[in-house]
Amino acid sequence: MVGVLSGTIPASNQTAARMLRSIFGPIYRQLSVSDGNPDLLKAQFGVFSSQVPLMYSIVLINAWALAMNFVTVAPAWLAIHVPIGFTLICGVRLLSWWRARHTAPTPEAARKALRQTNLFAFVLSVMLTGWALALFPYGNAYLQGNIAFFIGITGLGVIICLQQLPSAAFIAAIAINAGFVTWFSLTGVAAFAGMAVNLALVSIALLMVVTVQFRYFAGAVSARRKLETVSQENLRLANLDSLTGLPNRRQFFAHLDEMFAANGERRLAVGILDLDGFKPVNDLYGHKVGDSLLVEVGKRLAALTEDNTHIARLGGDEFALTVADCPGNEDLLALGERICAALRDPFVLAEANVQISGSIGFAVYPEMADSAHDLYERADYALYQGKRSNRGHAALFANSHVVEIEKDKRIEHALVQADLEQEIEVHFQPIVDIRTGRTIAFEALARWTSPVLGNVPPGQFIPVAERTGLIGPMTRVLLRKALASASRWPDDVGLSFNLSTHDISTSEGAVAIVANILGSGVDPRRLDFEITETAMMYDFAQAKIAIDMLKALGCGIALDDFGTGYSSLSQLHALPLTKIKIDRSFVTDLNKNPASFKIVKSLLALSSDMGLSCVIEGVETEEEMAVLRTLGGELVQGYFYSRPMPEIDVAGFLRQPVEAQAAG
Ligand code: C2E
Ligand code: CA
Ligand code: CA
């Protein structure tokens, strides 16, 4: 279209048009409201609306001051009625700006209002100047001087008030000066001509000041905008997890607090999710694979959540979600199970295919907690309990947990103050070879008699010791005592000792164990160290170093509670295992439960395939024993032979004839 038009216009006309554009373009731009920057328009609108009252006050006070001087000499319509007209018009304008002073207009509305102001600046300037000059013939020299003063001072006042809208300032300045300069030059009075030149010069200077000031104003607006953008971006980034793009820990807690404040009586759930088997993946394949795994986990979680769920990554392999208007507990658990199931599906990453699982703990307001803090803590506790009893699934905080939390607190309190050397001792439970009836080893089991709490079972105090970091010193006391006992047993009776995650996840822990063994005088080949799959999951690489060290000393390594964990066999294969211990849960009612039967059978086959010996734990009855014999079980530990006993009873137990041992 442009091409067609330009083709039809003669070249000389085009040059003229260009010239006109180059002359009038800048003038037009100077006199119109800019189209560009919406932030600037809004800022102009904001500042201008606050200066409008001042401007109209100047105009009206000055106009009435002039009018009063002319009341007696000029006709009433000119000296009274016209100023009343100005007052009304200005009043209406003032009112409309007054109403708009607190509104945040759209850029379009701001532009429209400012354009109207441009127009009005022109109309008002022409009318005021015209009116003042119309009074001129009625006044004497003093009054005429008064008119010149009125036009000059009012014009300058208006220009100053319009400084955030330079286009209107220019329009007003041109309109006022045009009338003033022409009129006063024509009067032929030298003093008036001088005033006209004076006003014109001051107006030009003032317009230059306005232009510079406006440039600063526009600069400040754009700098503020940039600052806002940067701080908004910073705020966004500060609330996002950079790896997965999910909200981060800070955002999660802020969101939880917000939800809690706005929630009222509605049910609100918090879920904490922890991955099982993430650490080994990280250690085995490297951090890059670990990172891509977390990204994929984030995607799966995000895909499963609905409008009322908010999911965040708290850090490491821990995620959290809130569920607003939470459904019934069964639906909540079903959501949890869907998430766990999604995480069990293998992850096909560019570098490797990996399999992990995840456990979730939920707590629900109002029935399980009544503050945001408690909701989080209790969801975390449900997760902790769930991981112990039903790893890889969803668990709900139960009221019985309140009692357990209290009990844990009491245990923790007593444990921190305990004299471990005095209060902790070791009991021993025989591991028997059922083909010969001979006791091949004893498993050392911790016993704590607290002066405050009495006897506390290890199932209760070991987790507390692990959580509070007391397990290190405790293991050292236990191992020293157990080794001291073993040193008094016949050489062909071994000692099996339990290690915790923390014992093998730091090099100091591992070195202390080795030092203990070497200082005991017990042949390391008589020792087995029992570890669980979960102990390996914490820091696989470091745990493997510790285990390799013990293996190098000649100790055996037994995988405890086998069958309850979720490690993949390939990971277990990376460990120098010598033994596995089949968990008691598969042995109980082995004779009645076909599922248990199958599991034990396959675990026995597996251990034999892997060339490992296998201890079957928790055998209590003759019936269970009979089944184990038919399955070809060899090493058995359980109440069937003996409960754990104090050291003093060990010698007597070993002296018993082989057949009598089996009778317990
Ligand atoms: P664990 O290592 O699986 O130990 C076997 C547990 O099963 C012992 O419980 C033992 O008394 C019990 N048990 C053995 N035979 C039977 C049976 O026929 N029936 C039944 N119902 N139970 C049987 P205990 O002594 O209460 O220890 C519980 C857990 O505490 C241990 O499980 C182990 O995980 C931990 N633990 C015990 N002593 C230590 C220790 O010195 N260090 C560490 N790190 N953990 C320990
Ligand atoms: Ca054990
Ligand atoms: Ca066990």
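**Exercise 1. Work out how the calcium ion (ligand 2) is held and what it shares with the calcium ion (ligand 3).**

Step 1. The calcium ion (ligand 2) and the calcium ion (ligand 3) lie 3.9 Å apart, and Asp 560 coordinates both.

Step 2. This is a predicted model: local features need pLDDT of at least 70, side-chain atom pairs count only at pLDDT 80 or more, and totals for chains, interfaces and linings use all residues. Residues are numbered from 1 along each chain as written, chains are lettered from A and ligands numbered from 1 in written order, and side-chain values use heavy atoms, without hydrogens and water.

Step 3. List the protein donors (N, O and S atoms within 2.8 Å of the metal, 3.2 Å for Na, K and Ca; water is not among the atoms, so sites may look incomplete). For ligand 2 they are Glu 443 (OE), Asn 498 (OD1), Glu 530 (OE) and Asp 560 (OD), 2.1 to 2.3 Å from the ion.

Step 4. Read the spacing: E-x54-N-x31-E-x29-D. Asn 498 sits in strand β11 (residues 494-498) and Asp 560 in strand β13 (residues 556-562), so the pair ties together parts 62 residues apart in sequence. Strands here are DSSP E runs of at least two residues, and helices are H or I runs of at least four, numbered from the N terminus.

**Exercise 2. Are Asn 498 and Asp 560 buried or exposed?**

Step 1. Set the cut-offs: buried is under 20% relative accessible area, exposed over 50%, partly exposed in between (1.4 Å probe, protein chains only).

Step 2. Asn 498, at 27%, is partly exposed. Asp 560, at 7%, is buried.
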